[in-house]
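Trainee: I am new to this structure, and I would like to learn how its descriptions are reached. Could you walk me through it?

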Amino acid sequence: MLIGAGVALVVALGALWTFREEREDCNEKWINFSKYGLKYDLETKLYGQHVAAQVILKTVTGFMNNENPKKPLVLSFHGSTGTGKTFASQLIAKNIYKKKTISSFVHLFSVTAHFPHKEKIDTYKTQLQEWIRGNVSNCPRSMFIFDEMDKMHPGLIDIIKPYLDFSDNLDRVLYKKAIFIFLSDAGGVKINEVTMKFWRDGREREEIQLKDIEKELSQSVFNNEDSGLRHTSLIDKKLVDFFVPFLPLEYKHFIQCGLAEMARQGLPPDNSAIKRLADELTFFPKEERVFSDQGCKLIANKLPFFI
Ligand SMILES: Nc1ncnc2c1ncn2[C@@H]1O[C@H](COP(=O)(O)OP(=O)(O)OP(=O)(O)O)[C@@H](O)[C@H]1O
Ligand SMILES: [Mg+2]
């Protein structure tokens with residue numbers, strides 16, 4: 001009896017040992033960029049964003065293949081809600097870190113959730129500084145994603161700036177290997193206007209190039225009274241490497257998102273259910289119903305009611 005219990009204990013301990021989670025370290029075993037993985041994901045999973053996909057692939061590949069970059073990679077994603085900004089940042093993380101988005105080297109910072117009180121700004125400044133410094137010292141190949149960047153207090157943006165600037169004397173060696181991604185809706189209206197103009201002129205969406213949007217985008221983001229980014233010198237000092245536009249999604253992309261979501265939820269594909277869901281939502285221009293007002297955002301939650 002006693003021997004039986006002893007054997008059981010040894011077996012249980014053995015099983016625990018086997019299933020014990022391996023520690024994630026800051027080395028090639030855990031951080032291994034796959035250019036082809038990223039290319040495949042951007043081409044097959046991110047719908048309707050040919051401009052963003054191209055910029056992301058080029059810049060991330062160039063940066064990750066460079067063992068000695070001059071400065072950190074800083075990308076600013078812009079576009080209206082549900083167009084795939086957060087999703088694209090997850091695809092990048094997925095192809096760099098073995099543990100994908102749950103890697104301890106991927107840090108998501110949500111401005112409104114983490115630092116909600118304006119009056120505590122000084123405490124927040126210290127916390128943010130320590131947070132960045134601590135994480136980068138732990139692993140230089142860290143990724144920081146700042147959501148709702150346009151709502152960030154200018155004082156806090158000032159705190160981040162030195163980390164983005166290669167001319168600064170901070171422990172540069174550490175910071176220049178990190179990736180910073182800013183997400184915001186700022187400039188979304190402008191991007192939608194440009195996309196709609198192409199459509200009205202009867203031109204292909206795929207004809208839109210970064211240069212058709214980039215200048216107007218950076219001007220509208222930084223001259224817009226409502227945008228927190230306006231008061232910062234992120235642009236003057238050329239700290240952002242690229243402004244990446246996310247175009248408004250068309251009806252057909254909405255259907256693609258719906259099918260992908262069904263597959264994710266383990267459901268058989270059903271076009272008619274997604275079309276019924278689309279009927280409930282708003283598209284613009286109102287008459288022609290070409291572009292989705294909420295991108296693909298509401299699909300996951302609403303889908304169960306339409307099947
Ligand atoms: N272009 C896209 N291609 C494929 N799926 C998409 C795309 N855009 C959005 N989705 C789907 O919709 C979900 C919500 O999109 P996401 O969170 O990336 O939007 P967002 O641009 O970050 O919006 P917000 O500004 O509201 O944060 C994603 O998880 C993804 O499933
Ligand atoms: Mg988002």
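Mentor: Gladly; we will take the helix pairs, then the ligand, then two backbone details, and please keep in mind that this is a predicted model.

Trainee: Why are H2 and H3 called roughly antiparallel to each other?

Mentor: Start with the angle: the axes of H2 (residues 35-44) and H3 (residues 50-64) cross at roughly 170° and come within 10 Å. Angles over 145 degrees count as roughly antiparallel, so H2 and H3 earn that name.

Trainee: Which residues of H2 and H3 meet?

Mentor: From H2 come Lys35, Leu38, Lys39, Leu42 and Glu43, and they meet Ala53, Ile56, Leu57, Val60 and Thr61 in H3. Sorted by class, this contact of H2 with H3 holds six nonpolar residues, one polar and three charged.

Trainee: What makes H2 and H4 a roughly antiparallel pair?

Mentor: The same kind of reasoning helps here. H2 and H4 pack at about 155°, and their axes are 9 Å apart. Since the cut-off is over 145 degrees, H2 is therefore roughly antiparallel to H4. In addition, H2 passes H4 in a right-handed crossing.

Trainee: Which residues bring H2 and H4 together?

Mentor: Leu38, Asp41 and Leu42 in H2 meet Leu91, Ile92 and Lys94 in H4. By class, the contact of H2 with H4 has four nonpolar residues, two charged and no polar ones.

Trainee: Why are H11 and H12 described as oblique to each other?

Mentor: The axes of H11 (residues 251-264) and H12 (residues 271-279) cross at roughly 125° and come within 9 Å. The roughly perpendicular range is 65 to 115 degrees, and roughly antiparallel is over 145. An angle of roughly 125° fits neither class, so H11 and H12 are oblique. The crossing of H11 past H12 is right-handed.

Trainee: What classes of residue make up the contact of H11 with H12?

Mentor: First, the names: Tyr251, Phe254, Ile255, Gly258 and Leu259 in H11 meet Asn271, Ile274, Leu277 and Ala278 in H12. By class, seven of the residues in this contact are nonpolar, two are polar and none is charged.

Trainee: Now the ligand. Which residues come nearest to ligand 1?

Mentor: There are 18 residues around ligand 1, and Gly84, Lys85, Thr86, Phe87 and Cys296 come nearest. Helix H4 (residues 85-94) gives the largest share of the shell, three residues.

Trainee: How do you know that both domains take part in the shell around ligand 1?

Mentor: Domain 1 (35-245) and domain 2 (251-306) each supply at least three residues to the shell. By class, the shell around ligand 1 has six nonpolar, nine polar and three charged residues.

Trainee: What makes the bond between phenylalanine 284 and proline 285 worth a look?

Mentor: This peptide bond is cis, with omega about -10°. Proline 285 sits in the loop between strand E6 (283-284) and strand E7 (291-292).

Trainee: And what is the value of phi in lysine 100?

Mentor: Phi of lysine 100 is near 55°, which is positive in a residue other than glycine. You will find lysine 100 in the loop between H4 and strand E2 (106-110).

Notes: Residues are numbered from 1 along each chain as its sequence is written. Chains are lettered from A and ligands numbered from 1 in the order in which they are written. This is a predicted model: local features need pLDDT of at least 70, side-chain atom pairs count only at pLDDT 80 or more; totals for chains, interfaces and linings use all residues. A residue is near a molecule or strand if its C-beta atom, placed from the backbone, lies within 6 Å of it. Helices (H or I, at least four residues) and strands (E, at least two) are DSSP runs, numbered from the N terminus. Ala, Val, Leu, Ile, Met, Phe, Trp, Tyr, Cys and Pro count as nonpolar, Asp, Glu, Lys and Arg as charged, and the others, Gly among them, as polar. Domain bounds come from an automatic or database domain assignment. Axes are lines fitted to C-alpha atoms, for helices over the stretch in contact, and angles run from 0 to 180 degrees between N-to-C directions. Angles under 35 degrees count as roughly parallel, over 145 as roughly antiparallel, 65 to 115 as roughly perpendicular and the rest as oblique. A crossing is left-handed if the near helix is turned anticlockwise from the far one by less than a right angle, and right-handed if clockwise. Two residues are in contact if their C-beta atoms, placed from the backbone, lie within 7 Å.
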